[in-house]
Structure formats: structure tokens, C-alpha cells
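Here is a short tour for anyone who likes to check contacts by eye. Please open the viewer and follow along.

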Amino acid sequence: MLCSGTLLLVDGTDIKSVYGVIGPQLASESPPLVTAAFIAQLAMPGALIEISAVGARLAD
């Protein structure tokens with residue numbers, strides 16, 4: 001399976017906490033491609049992180 005994801009983090013969010021949650025997936029045999037960016041704010045008031053992910057299963 002091919003996977004990629006984008007993490008948008010509000011400035012000041014502890015990135016170590018975020019990567020602590022997804023770390024096991026990053027250390028897997030087929031890790032996803034992850035892009036992270038710090039931003040000033042999200043559209044949802046009070047939200048600290050937005051996650052967008054795409055997965056595709058290759059035909060056998």
C-alpha cells in the first residue's frame with residue numbers, strides 16, 4: 001500500500017507529541033510519505049492540527 005499525508009500544525013503545537021503518535025507507522029517496513037508545516041491558524045477555531053491522508057493499494 002502506498003500512503004502519503006500532510007500535517008498542518010498551528011504554531012506552538014508540540015511536534016514531538018505529534019510524531020510520537022505516528023512514529024510506529026514511520027518506522028514500519030513501508031513508511032508513508034509525511035509532509036508537515038506550521039501555520040498561524042486553522043479554519044476551525046481552537047483546532048491545533050489538521051491531517052490529510054491518501055492511500056492506494058497496488059494491484060497484484
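## Two residues and a crossover

T13 counts as buried because its relative accessibility is 17%, which is under the 20% cut-off. Bear in mind as you look that this is a predicted model.

Where does T13 lie? You will find T13 in the loop between β1 and α1. The side chain of T13 reaches back to V10, with 2.7 Å to the backbone oxygen of that residue. Once neighbours within four places in sequence are left aside, T13 is in contact with V18, F38 and L48.

Now for the elements around that loop. Strand β1 covers residues 2-10 and strand β2 covers residues 33-39; the two run parallel and are joined by 7 bridges. To get from β1 to β2, the chain passes through helix α1 (residues 15-26), and this β-α-β crossover is right-handed. If you would like a spot to check the strand register, S4 stands opposite L33 in β2.

Helix α1 also holds L26. Is L26 buried or partly exposed? L26 counts as partly exposed, because its relative accessibility is 29%, and partly exposed covers values between 20% and 50%. Not counting residues up to four places away in sequence, L26 touches Y19, P31, P32 and V34.

Here are the two residues side by side:

| Residue | Relative accessibility | Class |
|---|---|---|
| T13 | 17% | buried |
| L26 | 29% | partly exposed |

Note on methods:
Residues are numbered from 1 along each chain as its sequence is written. This is a predicted model: local features need pLDDT of at least 70, side-chain atom pairs count only at pLDDT 80 or more; totals for chains, interfaces and linings use all residues. Side-chain values use heavy atoms; hydrogens and water are left out. Two strands pair if DSSP finds at least two bridges between them. Helices (H or I, at least four residues) and strands (E, at least two) are DSSP runs, numbered from the N terminus. A crossover is right-handed if, with the strands pointing away from the viewer, the path from the first strand over the helix to the second runs clockwise. Buried means under 20% relative accessible area, exposed over 50%, partly exposed in between (1.4 Å probe, protein chains only). A polar contact is a pair of N or O atoms within 3.5 Å; within protein, one must be able to donate a hydrogen and the other to accept it, and residues adjacent in sequence count only if both atoms are side-chain atoms. Contact means heavy atoms within 4.5 Å.
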